[in-house]
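Trainee: I would like to learn how to read features from a structural model. Could you take me through some, one at a time?

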Amino acid sequence: MVISPVHYIALPLLAAFLMPLLAKVNRELVRIIPGVVLTYLLFVSVVLMQRVTETGQPIIETLAGWQAPWGINLVFSQFTGFLVSLMVFMATLIWIFSYRFKKVDNEPALKYYILFMMLVTGSVGVVLTGDIFNMFVFMEITAIASYSLTSFYRDRDGAEAGFKYLLIGSLASTFMLLAILLLYTQVGTLNMAMIAERMHTVPVGMKVTILILFLTGLGIEAEMFPLNGWAPDAYSQAPSPVGATFAALVVKAGVYSLIRVIFTLFDIQGAYQYLIIMGIITLIIAEFAAMKQTNLKRMLAYSSIGQMGFVLIAFGIGTKEAVFGALFLMFNHAIIKSLLFMSGSFFVYNSTSKDINGMSGIGKKFPYMGFLFSIGAFAIVGLPPFSGFWSKLYILIAAADESMLALVAIILLVSIVEIVYYFRVVAKLYFGKPTDKEVVHKPTFGGYFSMTVLAVVILLVGFYPDIITGFIHRAADTLLDKGAYISNVLSMGH
Amino acid sequence: MDPILYNKIISVGVYGSAIGLILIGLYAVLVKKHLTKIVIGLSIIDSGVHLLFIAVGFIKGGTAPIFSEKGIELVNQGTAMVDPVPQALVLTAIVIGFGVTAVALSLVIRLYRHHHTARIDHIKSLKW
């Protein structure tokens with residue numbers, strides 16, 4: 001079998017639809033199949049990343065034999081390849097973490113794994129596709145899987161969070177559909193490279209209208225203010241591995257689509273300032289809201305929104321260093337926030353309430369979990385020698401290079417807020433008075449394994465950032481080189 | 001009737017009803033308190049957008065975009081084909097809209113069973 005980017009989309013989708021049948025053959029297959037698919041995709045990622053790095057050329061896959069501007073194509077470049085590999089890596093770890101999910105009951109486990117595979121298909125597809133309408137379709141696959149996963153538990157307020165998410169999400173998808181329609185009437189094509197090439201013929205007023213519709217539609221998944229009302233509820237009501245999935249896959253796909261639309265499709269200077277301003281508002285509001293939260297998962301959700309604001313700021317600065325910092329931060333956010341959600345979920349299980357106060361002294365009874373959570377907390381606020389330090393440093397340097405000193409000041413001030421609310425939790429874990437409650441829910445072996453891997457990655461990247469910076473540098477170069485993207489995709493037809 | 005005027009009336013009618021549908025749907029989503037009415041609003045908005053898509057791809061007197069002997073013959077005689085792309089997009093969008101509506105309604109049922117009400121202002125476990 002020839003390895004190609006199509007496998008990223010075809011295999012998880014096939015697995016998702018075959019699983020109900022396979023469940024009839026053997027109950028255990030439901031849990032094994034997603035792992036087999038994801039491990040294979042990890043192998044595909046390694047092979048394709050190596051090929052792309054060696055040749056320096058993106059792999060462009062045309063589907064159903066239709067060449068570039070007419071058919072749908074998949075673009076596996078150093079930028080999209082980096083994001084896809086990150087997503088698949090995270091999905092594999094989340095699968096290991098949730099291998100024993102709903103052990104006693106097979107029916108919910110089946111539903112969970114089907115939706116999980118759909119989510120992987122959708123968010124990987126958003127990143128790989130080179131067609132704007134196809135991106136919309138993958139966005140909707142991701143969204144529908146997310147709505148269902150949010151409302152997975154019947155006994156919580158999941159349905160309410162899910163409905164809220166659905167309401168915002170489907171309005172957003174309508175806006176995106178309108179944007180695609182207007183764009184199609186203006187440029188007469190749906191291929192993103194072709195759109196980028198013909199964009200200069202579109203009148204400015206029309207361009208701005210389309211861009212605003214796109215930003216509204218895509219800002220939802222990217223957790224951009226003021227479209228992120230769904231996030232805290234969804235993160236706190238969804239099952240814990242799903243919280244990690246949102247942080248590692250769904251939000252990354254949202255940010256990717258936003259960046260692709262602004263950087264490749266449109267060439268409006270004001271869009272970058274808009275990103276900075278929205279990023280600052282998102283960052284400040286989210287971090288202050290996080291400080292006020294008493295519920296651990298809601299706090300982590302707001303912190304996640306804040307991090308995305310930070311990513312938007314970095315992309316908005318727009319220089320090569322800033323884009324490098326932003327991609328580095330996206331990588332860090334995926335690994336660190338997943339670790340926090342995974343380890344935090346065990347504190348929530350074992351405490352009297354979901355509140356941070358209920359976790360008093362749990363770090364003493366649960367030393368390894370407390371240690372992992374602390375690594376995550378230290379890493380996300382940007383303490384050296386953890387990986388979060390480097391991304392924050394690179395973004396600050398990039399902002400200072402552009403002499404945006406006010407921005408540097410805001411980022412540093414908000415970092416203090418971040419330190420306050422994360423250290424409050426860590427202090428509670430270790431120095432709080434232990435409650436009488438026994439530790440009943442211990443992580444499974446898979447849980448320990450995936451959390452340990454994440455912690456090791458955080459430390460490894462913290463000490464030797466060079467192992468990852470090469471990939472991120474090339475990814476940033478590829479993203480900024482719009483001309484190469486257009487010529488690579490369109491030359492396939494000639 | 002004057003054909004130009006006729007075309008104008010038709011296009012104003014089609015685009016007007018598309019935008020009208022979108023506005024009606026938005027009104028339902030933003031103002032109505034009943035969950036089912038909100039879901040109906042969402043699907044009315046969808047219908048408006050779909051109508052807009054079809055209107056954009058339409059050419060008056062154009063033939064169906066099918067690559068058949070009859071179609072090729074008609075094109076050779078100078079008949080235009082309507083744009084097939086918006087039609088394909090609409091087909092996809094309808095399916096997606098159907099999926100979203102189904103998920104939304106199932107959530108409404110879950111909410112109703114949980115809270116014994118379908119009014120959005122009576123469901124307040126989370127902050128809205």
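Mentor: What follows is a walk through helices, a strand pair, the chain contact and some backbone details of this predicted model.

Trainee: Start with helix length. How many residues does helix α2 of chain A have, and what does it reach from end to end?

Mentor: The check is to set the end-to-end C-alpha distance against a rise of 1.5 Å a residue. Helix α2 of chain A, residues 29-55, has 27 residues and reaches 39 Å, close to the 39 Å expected. Helix α1 of chain B, residues 3-31, passes a similar check: its 29 residues should span 42 Å, and its end C-alpha atoms are 41 Å apart, which agrees.

Trainee: Which residues of these two helices are buried?

Mentor: Burial is read from neighbour counts, and 20 or more other C-beta atoms within 10 Å make a residue buried. In α2(A) the buried residues are A:V30, A:R31, A:P34, A:V37, A:L38, A:L41, A:V44, A:S45, A:L48 and A:V52. In α1(B) they are B:A18, B:I22, B:G25 and B:V29.

Trainee: What do the buried residues of α1(B) pack against?

Mentor: They pack against α6 of chain A together with α2 of chain B.

Trainee: That brings in both chains. How many residues does each chain give to the contact?

Mentor: Chain A gives 23 residues and chain B gives 24. On the side of chain A, the elements that contribute two or more residues are α5 (132-150) and α6 (158-187). The largest share comes from α6(A), with 14 residues. By type, the chain A side divides into 13 nonpolar, six polar and four charged residues.

Trainee: How do I read a helix pair? Take α3 and α10 of chain A: at what angle do they pack?

Mentor: Look at the angle between the N-to-C directions, where over 145 degrees counts as roughly antiparallel. Helix α3(A), residues 78-97, and helix α10(A), residues 240-265, pack at about 170° with their axes 9 Å apart. That makes α3(A) roughly antiparallel to α10(A). From α3(A), the residues in contact are A:L83, A:M87, A:M90, A:A91, A:I94 and A:F97. They meet A:P241, A:A244, A:T245, A:A248, A:L249, A:K252 and A:Y256 of α10(A). This contact divides into eleven nonpolar residues, one polar and one charged.

Trainee: And in chain B, at what angle do the axes of α2 and α4 cross?

Mentor: The axes of α2(B), residues 35-57, and α4(B), residues 84-115, come within 10 Å and cross at roughly 180°. The two helices are therefore roughly antiparallel to each other. Their contact holds 16 nonpolar residues, seven polar and one charged.

Trainee: Now strands. Which way do β1 and β2 of chain A run relative to each other, and how many bridges join them?

Mentor: Strand β1(A), residues 59-62, is joined to β2(A) by four bridges, and the two run antiparallel. The bridge partner of A:I60 in β2(A) is A:V75.

Trainee: Are the faces of β2(A) covered or open?

Mentor: In a regular strand the side chains alternate between the two faces of the sheet. In β2(A), residues 73-76, both faces are covered: A:N73 and A:V75 on one side, and A:L74 and A:F76 on the other, are all buried.

Trainee: What should I look for in the backbone?

Mentor: Most residues other than glycine have a negative phi, and most peptide bonds are trans. A:S403 has a phi near 45°, a positive value in a residue other than glycine. A:S403 lies in the loop between α16 and α17 (405-431) of chain A. B:H116 also has a positive phi, of about 55°, and is placed in the segment after α4 of chain B.

Trainee: Are A:S403 and B:H116 buried or exposed?

Mentor: A:S403 counts as exposed, with 9 C-beta neighbours inside 10 Å. B:H116 is exposed, with 8 other C-beta atoms within 10 Å.

Trainee: Where is a cis peptide bond found?

Mentor: The bond from A:P384 to A:P385 is cis, with omega near 5°. A:P385 sits in the loop between α15 (367-381) and α16 (387-401) of chain A.

Trainee: Lastly, how far apart in space are A:D481 and A:F263?

Mentor: Sequence separation and spatial distance are read side by side. A:D481 and A:F263 are 218 residues apart in sequence and 9.4 Å apart in space, C-alpha to C-alpha. A:D481 lies in the loop between α19 (466-480) and α20 (482-490) of chain A, and is partly exposed with 16 other C-beta atoms within 10 Å.

Notes: Residues are numbered from 1 along each chain as its sequence is written. Chains are lettered from A and ligands numbered from 1 in the order in which they are written. This is a predicted model: local features need pLDDT of at least 70, side-chain atom pairs count only at pLDDT 80 or more; totals for chains, interfaces and linings use all residues. The expected span of a helix is 1.5 Å times one less than its number of residues. A residue is buried if 20 or more other C-beta atoms lie within 10 Å of its own, exposed if 12 or fewer, and partly exposed in between; C-beta atoms are placed from the backbone. Two residues are in contact if their C-beta atoms, placed from the backbone, lie within 7 Å. Ala, Val, Leu, Ile, Met, Phe, Trp, Tyr, Cys and Pro count as nonpolar, Asp, Glu, Lys and Arg as charged, and the others, Gly among them, as polar. Two strands pair if DSSP finds at least two bridges between them. Axes are lines fitted to C-alpha atoms, for helices over the stretch in contact, and angles run from 0 to 180 degrees between N-to-C directions. Angles under 35 degrees count as roughly parallel, over 145 as roughly antiparallel, 65 to 115 as roughly perpendicular and the rest as oblique.
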